[in-house]
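Student: Could we go through this one together? I'd like to start with the sheet and then move to a helix.

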Amino acid sequence: NEIQKNSTKAAAHKASYIAALYSSTFDHNYFLNSINSISNIKIEDIPGIIVPFEKRQKINIYIAGPDFSNEPNRYYFDELHNILKFHNFKGWFPIRENGEATNKENKVKTEIYKKDIELLDRCHLMIAVIMNNDSGTMAEIGYYKAKNKPVQVSDG
């Protein structure tokens with residue numbers, strides 16, 4: 001039935017938009033107000049972003065999260081990498097790019113920190129994977145929010 005297909009598509013679109021609102025804020029009242037403000041909007045009027053496949057490689061995506069070599073859930077980051085690659089996006093994983101700071105001398109830790117900041121600045125948006133209340137991920141989210149760059153939060 002065509003009406004049912006359209007209403008299902010509209011509901012999925014609206015649900016995706018609400019999920020994006022939810023993951024883009026830590027302010028519950030802002031989230032509730034945002035949801036209330038879209039209740040009377042036609043689904044076609046909700047803004048979205050479409051990036052042509054061939055232009056996606058130019059969008060740098062910073063992947064924040066505890067992607068440590070000893071992390072039992074590291075497979076999640078491998079899967080995220082594969083998904084981004086399949087959709088022609090370039091995901092940047094700071095630990096894989098710049099190394100882990102664990103058990104290194106302060107000079108090396110400082111160099112890793114500088115490279116991580118350069119990578120944060122070079123990327124256009126962030127996917128933050130929340131696991132184990134990783135303080136580094138929280139700091140990266142704060143850095144991006146202070147620069148008014150978009151952050152998408154995922155619970156690994």
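Tutor: What follows is a short talk through a sheet, one of its residues and a helix, and the model is a predicted one.

Student: In what order do the strands of the sheet run?

Tutor: The open sheet is formed by 4 strands in the order β2-β1-β3-β4, with parallel pairing. Since β2 (90–92) and β4 (151–155) each have a single partner strand, they stand at the edges, so one side of each lacks a neighbour in the sheet. On average, neighbouring strands are turned by 25° against each other, direction ignored.

Student: And how many bridges join β3 and β4?

Tutor: Strand β3, residues 125–130, pairs with β4 over 5 bridges in the parallel sense, and Ile-127 stands opposite Gln-152 in β4.

Student: Which helix packs on the sheet?

Tutor: That is α5, residues 106–122, which touches β1 (60–64), β2 and β3, its direction making about 135° with that of β1.

Student: Which residues of α5 are buried, and where do they fall around its axis?

Tutor: Ile-112, Asp-116, Leu-119 and Leu-120 are buried in α5. Seen down the helix axis, the buried residues fall within an arc of 100°, so they line one face. Their cover includes β1, β2, α4 (94–98), β3 and α6 (135–146), while the face turned away from the buried side carries the exposed residues Asn-106, Lys-107 and Glu-118.

Student: Switching topic, is Asn-60 buried or exposed?

Tutor: Asn-60, whose place is in strand β1, counts as buried because its relative accessibility is 13%, where the cut-off is under 20%. Leaving aside residues up to four places away in sequence, Asn-60 touches Lys-90, Trp-92, Arg-122, Cys-123, His-124 and Leu-125.

How values were computed. Residues numbered from 1 in each chain as written. Predicted model: local features only at pLDDT ≥ 70, side-chain atom pairs only at ≥ 80, totals over all residues. Heavy atoms only, no water. Pairing = 2+ DSSP bridges. Helix = DSSP H or I, 4+ residues; strand = E, 2+ residues; numbered from the N terminus. Axes fitted to C-alpha atoms, helices over the stretch in contact; angles between N-to-C directions. Contact = heavy atoms within 4.5 Å. Buried < 20%, exposed > 50% of the residue type's maximum accessible area, 1.4 Å probe, protein only. Arc of directions from axis to C-beta.
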